[in-house]
Amino acid sequence: MVRHFGGQPVSPEDSWNRLLRYAGHWQLNGYGLWAVEELETGIFIGDVGLFEGRRGLGDRFDSAPEAGWVLLPAGHGKGYAREAMNAALDWGETERGWTRTVCMIDPENVPSLRTADGIGYKLFDRQPYKGKELALLERLRA
């Protein structure tokens with residue numbers, strides 16, 4: 001998983017800061033990421049949701065809520081990301097009235113690109129971000 005997010009395992013300090021960012025996002029914006037648990041076992045599988053990344057990738061990207069999903073290997077290939085993201089996107093469209101969301105994916109992350117395609121994201125640009133060229137995708141409300 002980390003090869004698509006900087007190539008290094010996350011330190012305890014960075015994990016703590018990420019947790020604070022997640023909680024703060026809900027407090028300040030009224031939306032954010034949800035934890036995903038496997039129903040049969042109750043095991044934490046990962047995070048999915050919508051957030052405001054302010055990544056500086058231009059108005060076409062930064063003006064829309066950003067979708068994100070990160071699952072542990074135990075959750076790969078089971079449709080969890082697609083199911084959870086469909087629920088998050090439905091929530092955003094119903095509760096927030098969003099008609100467009102975006103996401104960015106490492107072009108080498110083929111499983112994530114398949115998930116994005118399966119939930120309706122289409123490529124609109126490629127841009128460098130933190131030293132790597134990434135695919136920028138958008139989803140328009142049907």
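The following dialogue examines the fold, the surface and the salt bridges of a predicted model.

Student: Which pattern of helices and strands does the chain follow along the sequence?
Tutor: The secondary structure amounts to 4 helices and 6 strands. Read along the sequence, these elements give the pattern α-β-β-α-β-α-β-α-β-β.

Student: What is the radius of gyration of the chain, and how does it stand against the globule rule?
Tutor: The C-alpha trace spans about 40 × 35 × 30 Å along its principal axes. For 142 residues the globule rule gives 14 Å, and the chain comes close to this, so it is as compact as a globular protein of that length. The radius of gyration is 15 Å.

Student: What share of the contacts with a separation of 6 or more is made by residues 24 or more positions apart?
Tutor: Contact here means heavy atoms within 4.5 Å. Among contacts with a separation of 6 or more, the share from residues 24 or more positions apart is 55%.

Student: Which residues make the nonpolar surface patch of about 330 Å²?
Tutor: One member lies in helix α1, which covers residues 12-29. That member has a relative accessible area of 51% and therefore counts as exposed, since the limit is over 50%. The patch is made by W16, L19 and L20.

Student: Is E66 buried or exposed?
Tutor: E66 belongs to strand β3, residues 66-71. Beyond its neighbours within four places in sequence, E66 is in contact with several residues, including F51, F61 and M104. Its relative accessibility is 3%, and because the limit for burial is under 20%, E66 is buried.

Student: Which residue meets E66 in a salt bridge?
Tutor: Side chains of opposite charge can pair when their charged atoms come close. The N to O distance in this pair is 2.8 Å, and the pair links strand β3 with the loop between β2 and α2, 11 residues apart. The partner is partly exposed, with a relative accessible area of 25%. The residue that meets E66 is R55.

Student: How many residues apart in sequence are E93 and R139?
Tutor: The side chains of E93 and R139 meet in a salt bridge of 2.5 Å, N to O. E93 lies in helix α3 (residues 80-95) and R139 in strand β6, so the salt bridge ties these parts together across a separation of 46 residues.

Student: Which residues are joined with R60 into one network of salt bridges?
Tutor: The side chains of R100 and E138 meet in a salt bridge of 2.7 Å, N to O. R100 is in strand β4 (residues 100-105) and E138 in strand β6, 38 residues apart; both residues are buried. Through salt bridges that share partners, R60 is joined with R100 and E138.

Student: How many salt bridges does a search of the whole structure find?
Tutor: Among them are the pairs R55 with E66, E93 with R139 and R100 with E138. The search of the whole structure finds 9.

Student: What is phi of R54, in the loop between β2 and α2?
Tutor: R54 is exposed, with a relative accessible area of 70%. Its phi is positive, in a residue other than glycine, and is near 45°.

Student: What is phi of K130?
Tutor: K130 is found in the loop between β5 (122-129) and β6 (132-140). K130 is exposed, with a relative accessible area of 73%. Phi of this residue, which is other than glycine, has a positive value near 50°.

Key
Residues numbered from 1 in each chain as written. Predicted model: local features only at pLDDT ≥ 70, side-chain atom pairs only at ≥ 80, totals over all residues. Heavy atoms only, no water. Patch = residues over 30% accessible without salt bridge, like charges linked within 9 Å, V, L, I, M, F, W, Y side chains within 5 Å. Areas by Shrake-Rupley, 256 points an atom, 1.4 Å probe, with all protein chains shown as cover. Salt bridge = Lys/Arg side-chain N within 4 Å of Asp/Glu carboxyl O. Helix = DSSP H or I, 4+ residues; strand = E, 2+ residues; numbered from the N terminus. Buried < 20%, exposed > 50% of the residue type's maximum accessible area, 1.4 Å probe, protein only. Rg over C-alpha atoms; globule rule 2.2 N^0.38 Å.
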